[in-house]
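Me: I am new to this structure. Please take me through one part of it closely, then show me how that part sits in the whole.

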Amino acid sequence: MATLLGFDFGPRKIGVAVGQTVTGTATVLETVRAQGQRPDWKRLEAIIREWQPDAAVVGLPFNMDDSEEAWSERVHRFARQLQGRFGLEVHLIDERLTSLEARRQLKVGQHTADDRIDAQAAKLILETWLADAQSSAAASAQASFEPPSPSASGAS
C-alpha cells in the first residue's frame, strides 16, 4: 500500500489531500496559505513528516485548448521543490476543471472565497491520478496475461 499526497497549488494557497493506492480514494487534509507569495514550507514539511508519503501528485493547470496556463511554470517549480526538499517522487496531472467541480461538490458559488475549495480540488486531483494508475495497472496486467493453450493443460 502506498500513501500519496495530492496538491492543488496556487500562488496564495495550496490545497492538500492524502490518499492510498489500495482503496484508490483520497481525503481532504487542509489548505495551506502562502507566506509572501511563497509556499509555507514549514507547514508542508510538517504534513509530509506526519503522513510520510511515497509520492506526491500535483495538479497542473491547462486551458481548454490543451495548452498549459500562463502560470504553469510556478507549478512545475513547486513540483521540483517538493522533489528536491523531501526526496519525493512527484507526478503532475491535468487539473482542468477540478476547482469548478470542487465548488459544485461543496455547493459554493463561483465568486465565494472558501479555503475548502482548494483542499477539495487536491482530493479530486489525487483521486484522478489514483484512478488512472489503477486503470493503467489493470490494462498492463490484462495485456501480459495469456491464457494457457489447450495442449499445455495435458488434456488430449
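Reply: Start with Leu 82 and what surrounds it. Neighbours within four places in sequence aside, Leu 82 touches Phe 7, Trp 41, Ile 48, Ala 56, Val 58, Gly 87, Leu 88 and Val 90. Bear in mind that this is a predicted model. Take one of those partners, Ala 56. In sequence, 26 residues separate Ala 56 from Leu 82. In space, their C-alpha atoms are 8.1 Å apart. Is Leu 82 buried or exposed? Leu 82 counts as buried because its relative accessible area is 0%, and the cut-off for buried is under 20%.

Leu 82 belongs to helix H2. This helix covers residues 72-86, so it is worth following from its other end. Ser 72 is part of helix H2 too. Ser 72 is buried, since its relative accessibility is 1%. Beyond its neighbours within four places in sequence, Ser 72 is in contact with Leu 60 and Pro 61.

Now for the charged residues. Arg 74 also sits in helix H2. Its relative accessibility is 34%, so Arg 74 counts as partly exposed. On the surface, Arg 74 joins Arg 38, Arg 77 and Arg 85 in a patch of positive charge.

Other charged residues pair up instead. Side chains of opposite charge can pair when their charged atoms come close. Arg 80 and Glu 73 do this: their side chains form a salt bridge, with 3.0 Å from N to O. How covered are the two partners? Arg 80 is partly exposed, because its relative accessible area is 45%. Glu 73 is partly exposed as well, at 47% relative accessibility.

How many salt bridges does the structure hold? There are five. Two further examples lie outside the part we began with.

One of them links Arg 49 to Glu 45. Their closest N and O atoms are 3.8 Å apart. Both residues are in helix H1, which spans residues 41-51. They are four residues apart, about one turn of the helix. Arg 49 is exposed, with a relative accessible area of 53%. Glu 45, at 36% relative accessibility, is partly exposed.

Another joins the side chains of Lys 123 and Glu 127, at 3.3 Å from N to O. Both of these residues lie in helix H4, residues 116-144. Again the partners are four residues apart, about one turn of the helix. Is Lys 123 buried or exposed? Lys 123 is buried, because its relative accessible area is 19% and the limit for buried is under 20%. Glu 127 falls on the other side of that limit: at 22% relative accessibility, it counts as partly exposed.

Last, the whole. The protein has four helices and five strands. Along the sequence they run β-β-β-α-β-α-β-α-α. The protein has 156 residues, and 38% of them count as buried. Leu 82 and Ser 72 are among the buried ones. Of the contacts with a separation of 6 or more, 58% are between residues 24 or more positions apart. The accessible surface comes to about 9100 Å². Carbon and sulfur atoms make up 50% of that surface.

So helix H2 shows both sides, because Leu 82 is buried at 0% relative accessible area, while Arg 74 is partly exposed at 34%.

Key:
Residues numbered from 1 in each chain as written. Predicted model: local features only at pLDDT ≥ 70, side-chain atom pairs only at ≥ 80, totals over all residues. Heavy atoms only, no water. Patch = residues over 30% accessible without salt bridge, like charges linked within 9 Å, V, L, I, M, F, W, Y side chains within 5 Å. Areas by Shrake-Rupley, 256 points an atom, 1.4 Å probe, with all protein chains shown as cover. Salt bridge = Lys/Arg side-chain N within 4 Å of Asp/Glu carboxyl O. Lys, Arg positive; Asp, Glu negative; His and termini not counted. Charge placed at Lys NZ, Arg CZ, Asp CG, Glu CD. Helix = DSSP H or I, 4+ residues; strand = E, 2+ residues; numbered from the N terminus. Buried < 20%, exposed > 50% of the residue type's maximum accessible area, 1.4 Å probe, protein only. Contact = heavy atoms within 4.5 Å.
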